[in-house]
Every structure is written in structure tokens, then in C-alpha cells.
Amino acid sequence: MAIGDMAEERYALHYPQEALEINWNNTSKEKIQELFKIWAGNYDRWVLEGSANGAPGCYSHLSCGEAFFNAAKDLYGESKKDLKILDCGCGSGLSGQVLKDKYGYDNLTGLDVSEDMLDIARQRKIYKTIISAFVGTDRVKEIQDGEYDAVISSGVFQTGLVRAKALDEITRWIKPGGIMCFTCPVFDKEESGYKEKCESLEKEGKWTLVSNKEAEYYGDQIPKGRGYKTCRMLVYKKL
Ligand SMILES: C[S@@+](CC[C@H](N)C(=O)[O-])C[C@H]1O[C@@H](n2cnc3c(N)ncnc32)[C@H](O)[C@@H]1O
């Protein structure tokens, strides 16, 4: 078997067909939970060793950690490590692990709708608090207004997962002057509504753009049909 085919086969084992099929017309809280029930057991393998040569299948958590560190350094100073950070769609905890191990942040809360992913996140013991909730237009009752210095979200602003209009609820969680840092491979795709929503929050004076850069997203073995080698790496400051 050619190396390319082996990589393809290995990738297929890790990246479920259901992840390719979820879209804005068929998504729901239950559908997202089903997808991550299927994926939870090998999600970390896919992210960390997705390709045949052992390179990561996904770089989102690394890109997000780096962008957050750079923004937080400029805003709060490099030594401020006790920032209260919500990892929105924390999944199995890979994004939180980067914040803790690579950058030293340890006042972390993880939030996710998938109990299967949260079970793995709990085993990591990196989150002080874990919130089991769906992020949509409903208020997440566990979160007070302006409770967090920052929200990070890696791999979650993606087709069929968190809808653009959920940003009204997410911005409620951040204190004035705090930041939101998230990866988004479909920012410019009209059907996602993300760009339009982000711009309207700017016009309404809810937040201001700190940075919008290109960053690595999927690794070399890109899933067919969802082939995002890079994403927009966005940082906004709540006003
Ligand atoms: C691709 S994983 C990313 C996990 C982690 N942030 C990382 O970088 O490895 C997406 C996670 O977002 C969660 N998620 C997706 N849509 C969600 C929603 N609307 N509300 C809450 N969690 C959601 C999923 O359950 C899943 O655990």
C-alpha cells in the first residue's frame, strides 16, 4: 500500500464520517453529543498523531494557546498567570492542557456539551471547574455576567457546532476589558454567519478586534470535504 493510502486509512480511522456530515441544516445539541460520543475514544489520537508520519492531525489547540498567550501578555503582562479563563468547548482538555503546561495558566474552567469528552477532560485534572452545557442562545445559568477574564475556544467555531448567534451569550461571560480568543476555519463562509456576527458586535460597541491572523488548523492529512489547512485566529476585547 502506498504511504499516501496508509495515511488516508489511518486518518479515516480517527476522523469519523459523522464529523464530515454535520452541517448547519442538520445540527442539534443531540447530534453534537452523538458525534463526540463516537469520537471521544480516539479524539486525542487524531489530534496528536493524526498522520502516518506522526505529525498532529490538528493544530487548533496549539494555535489558540499561542494566540491567547500573546494577547494576554500584551493586555495583562506575561507574569499574570491567575487569569480566570473559560475553555469553551474544552472537549477532552487538549486546549486547556496547552494553556497550563506550555503557558502556565492554571485558573481554568472547562465547558462542553459532550459528557463523553468531559469524562476525559476530568481525568486530566487541569480544570478547577467543569460546566456541562450547550452553547447556543440560552443563558448558561452556571456563568455570571463578566465572570471571566478570558474565553478561549479551539476547534469549536466550526460547521454545525456553535452558531454565530451564541456569541451574544459568550460575550456576556467576559468582563469588560477581557478577551475572547478562538479559531475559526469558516469565518468567511457566508452560511456560518460568523464574520457578519463578529462585525455587528463591533458596530454595537460590544467588543473590538485585537487581531485576525492566519494560523495552522488541520495537519497534512486533511479530511476530504472539510479541508482547512489554516483558520482565522481571532482575538477580540470586550468593551
Ligand atoms: C473539535 S472539539 C475541540 C476540543 C478542544 N477545544 C480542542 O481544541 O481539542 C469540539 C468540542 O466542542 C464541543 N461543542 C461543539 N458544539 C458545542 C456547543 N454548541 N456547546 C457546547 N459544546 C460544544 C464538542 O462537544 C467538542 O468537545
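**Helices, core and ligand shell**

In helix H5, the buried residues are Leu94, Ser95, Gly96, Gln97, Val98, Leu99 and Lys100. The helix, spanning residues 94–101, is thus mostly covered in this predicted model, with 7 of its 8 residues buried. The cover over these buried positions includes helices H3, H4 and H6, together with strands E1 (85–88), E2 and E4 (148–153).

Helix H6 (115–124) offers a view of a helix with two faces. Met117, Leu118 and Ala121 are its buried residues. Looking down the axis of H6, these buried residues fall within an arc of 95°, so they line one face of the helix. The face turned away from that buried side carries Asp119 and Gln123, both exposed. On the buried side, the packing partners are H3, strand E2 (108–112) and strand E3.

The two ends of H6 lead into loops that are worth a short visit. Ahead of the helix, Val113 sits in the loop between E2 and H6. Val113 counts as buried because 20 C-beta neighbours lie inside 10 Å, and 20 or more is the cut-off for that class. Leaving aside neighbours within four places in sequence, the contacts of Val113 are Lys29, Ile32, Gln33, Ala133 and Phe134. For Phe134, the C-alpha to C-alpha distance to Val113 is 4.8 Å, although the two residues are 21 apart in sequence.

After H6 comes Lys125, placed in the loop that runs from this helix to strand E3 (129–132). Lys125 has a positive phi of about 55° although it is not a glycine. In contrast to the burial of Val113, Lys125 counts as exposed because it has 9 C-beta neighbours inside 10 Å, where the limit for exposed residues is 12 or fewer.

Turning to the interior, the largest nonpolar core has 66 residues, and those with the most contacts inside it are Phe68, Ala150, Val151 and Cys181. Helix H3 (residues 29–49) provides the largest share of this core, namely 7 residues. Around Cys181, the contacts beyond four places in sequence are Cys64, Ala67, Phe68, Ala71, Ala150, Ile152 and Val235. Two of these partners, Phe68 and Ala150, are themselves listed with Cys181 among the residues with the most contacts in the core.

The ligand is surrounded by 22 residues, and the closest are Gly89, Gly91, Ser114, Ser154 and Gly155. Elements giving two or more residues to this shell are H3, helix H4 (60–76) and H5. Of these, H3 gives the most, with 3 residues. Helix H3 therefore returns in several parts of this description: it gives the largest share of the core, helps to cover the buried residues of H5 and packs against those of H6. By class, the ligand shell holds 12 nonpolar and 9 polar residues, along with 1 charged residue.

Finally, the UniProt record, an unreviewed entry, lists residues 86–182 under "domain: Methyltransferase type". The C-alpha atoms at the two ends of residues 86–182 lie 12 Å apart, and the span is 26% helix and 28% strand.

Key
Residues are numbered from 1 along each chain as its sequence is written. This is a predicted model: local features need pLDDT of at least 70, side-chain atom pairs count only at pLDDT 80 or more; totals for chains, interfaces and linings use all residues. A nonpolar core is a set of buried Ala, Val, Leu, Ile, Met, Phe, Trp, Tyr and Cys residues joined through C-beta atoms within 7 Å. Helices (H or I, at least four residues) and strands (E, at least two) are DSSP runs, numbered from the N terminus. Two residues are in contact if their C-beta atoms, placed from the backbone, lie within 7 Å. A residue is near a molecule or strand if its C-beta atom, placed from the backbone, lies within 6 Å of it. Ala, Val, Leu, Ile, Met, Phe, Trp, Tyr, Cys and Pro count as nonpolar, Asp, Glu, Lys and Arg as charged, and the others, Gly among them, as polar. UniProt positions are given in the numbering used here, feature names are shortened, and annotations may be inferred rather than shown by experiment. The arc is that of the directions from the helix axis to the C-beta atoms.
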